[in-house]
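Student: I should like to understand how the statements made about a structure follow from its atoms. May we proceed by question and answer?

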Amino acid sequence: GVYEVTLFKNGKLIDGDAHLDRLFRSLREMKIEHDFSKDVLVKMQLDLFKKNSMPEGCCYIQVTRGSTNRIPNFPQDLTPTINATVSLAKKLTEEEFENGVSIMTHEDIRWKRCDIKSVALFASSFVNQKAKDSGFNDAIFVRDGVVTEGSFANAFIADNNGTLITKAPDNLILCGITRNRMIDIARANGIKVEERNFDVAEMLAAKEVFLTSSSLILRPVTRIDGEAIGSGKAGDVAKKLAG
Ligand code: PDD
């Protein structure tokens with residue numbers, strides 16, 4: 001199965017179209033056949049907020065291949081199952097934003113199709129839990145020396161010249177909708193953006209590190225493996241992008 005998490009604010013799904021484009025791409029990559037349109041899914045999400053009298057929140061929408069007997073390959077002619085729920089969105093307080101999060105680096109033990117937003121999240125939740133059990137807030141994955149992304153978010157660094165750097169999209173990361181939005185906002189504000197690999201040493205030496213995701217938008221990372229990043233507080237680039 002595949003899923004999306006979309007924020008809802010002021011009666012609108014934030015980047016709703018981009019989330020559904022990515023959901024349809026995930027379905028294609030997983031070879032899950034379906035005949036529903038984007039409009040049906042937009043209506044489903046909006047109706048859920050309405051029915052629950054929620055002016056804002058988060059919508060989780062999941063599409064699984066469908067129900068049938070257990071076989072080792074893809075069953076044919078299945079009707080996919082859609083499951084959608086809404087919940088309150090967690091917002092960072094000013095203090096939480098300013099103090100940032102403490103993260104642990106961890107080997108990227110996920111499969112090599114992280115570009116698909118699949119519900120097979122064991123490796124991500126296993127490492128996220130391990131980080132929490134070890135006294136960190138979250139984890140950032142490292143594969144063959146390259147920083148890929150957070151357990152449930154994209155990773156950015158800002159160097160001493162204020163250049164923003166994030167991994168170019170490939171099969172090893174999820175190309176985040178918030179990631180793309182932040183790149184656009186940065187460029188519109190005259191901030192130079194490089195989409196390229198970086199390693200842990202470059203990340204530790206960065207002036208700023210932050211994570212982006214639809215639900216939490218932008219989380220400054222102020223400690224990594226016990227070492228302070230930059231000033232140890234949220235940086236200027238993070239503040240500018242978070243608005
Ligand atoms: N996760 N990378 C991973 C592995 C993710 O799970 C997510 C999002 C992102 C950020 O993508 P976006 O900006 O499109 O939300 C990157 C969602 C929020 C979740 O699983 O709850």
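**Ligand contacts and the open sheet**

Tutor: In this predicted model, a polar side-chain atom of Glu-149 is placed 2.6 Å from a nitrogen atom of the ligand.

Student: What makes this pair of Glu-149 and the ligand a polar contact?

Tutor: A polar contact requires N or O atoms within 3.5 Å; the Glu-149 pair lies at 2.6 Å, so it qualifies. Thr-178 has a polar side-chain atom 2.7 Å from an oxygen atom of the ligand, and an N or O atom in the side chain of Ser-214 is likewise 2.7 Å from a ligand oxygen atom.

Student: How much of the ligand does the protein bury?

Tutor: Taken alone, the ligand exposes 480 Å², of which the protein buries 90%.

Student: Which residues come nearest to the ligand?

Tutor: The ligand has 19 residues around it, and the nearest are Tyr-3, Glu-149, Ile-177, Thr-178 and Ser-214. By class, the shell comprises six nonpolar, nine polar and four charged residues. At least two shell residues come from each of β1, α1, α5 (177-188) and β11 (208-213).

Student: How do you know that β1 and β3 pair?

Tutor: Pairing needs at least two bridges; β1 (residues 2-9) and β3 (residues 57-64) share seven, in the antiparallel sense, and therefore count as paired. Within β3, Cys-59 stands opposite Thr-6.

Student: Why are β2 and β4 described as standing at the edges?

Tutor: The open sheet has four strands in the order β2-β1-β3-β4, with antiparallel pairing. β2 (12-13) and β4 (81-87) each have a single partner strand, so each has one side without a neighbour in the sheet. Helix α1 (residues 16-29) packs on this sheet and touches β1, β2 and β3.

Terms used
Residues are numbered from 1 along each chain as its sequence is written. This is a predicted model: local features need pLDDT of at least 70, side-chain atom pairs count only at pLDDT 80 or more; totals for chains, interfaces and linings use all residues. Side-chain values use heavy atoms; hydrogens and water are left out. Contact means heavy atoms within 4.5 Å. Axes are lines fitted to C-alpha atoms, for helices over the stretch in contact, and angles run from 0 to 180 degrees between N-to-C directions. A residue is near a molecule or strand if one of its heavy atoms lies within 4 Å of it. A polar contact is a pair of N or O atoms within 3.5 Å; within protein, one must be able to donate a hydrogen and the other to accept it, and residues adjacent in sequence count only if both atoms are side-chain atoms. Accessible areas come from the Shrake-Rupley method with a 1.4 Å probe; for residues, only the protein chains shown count as cover. Ala, Val, Leu, Ile, Met, Phe, Trp, Tyr, Cys and Pro count as nonpolar, Asp, Glu, Lys and Arg as charged, and the others, Gly among them, as polar.
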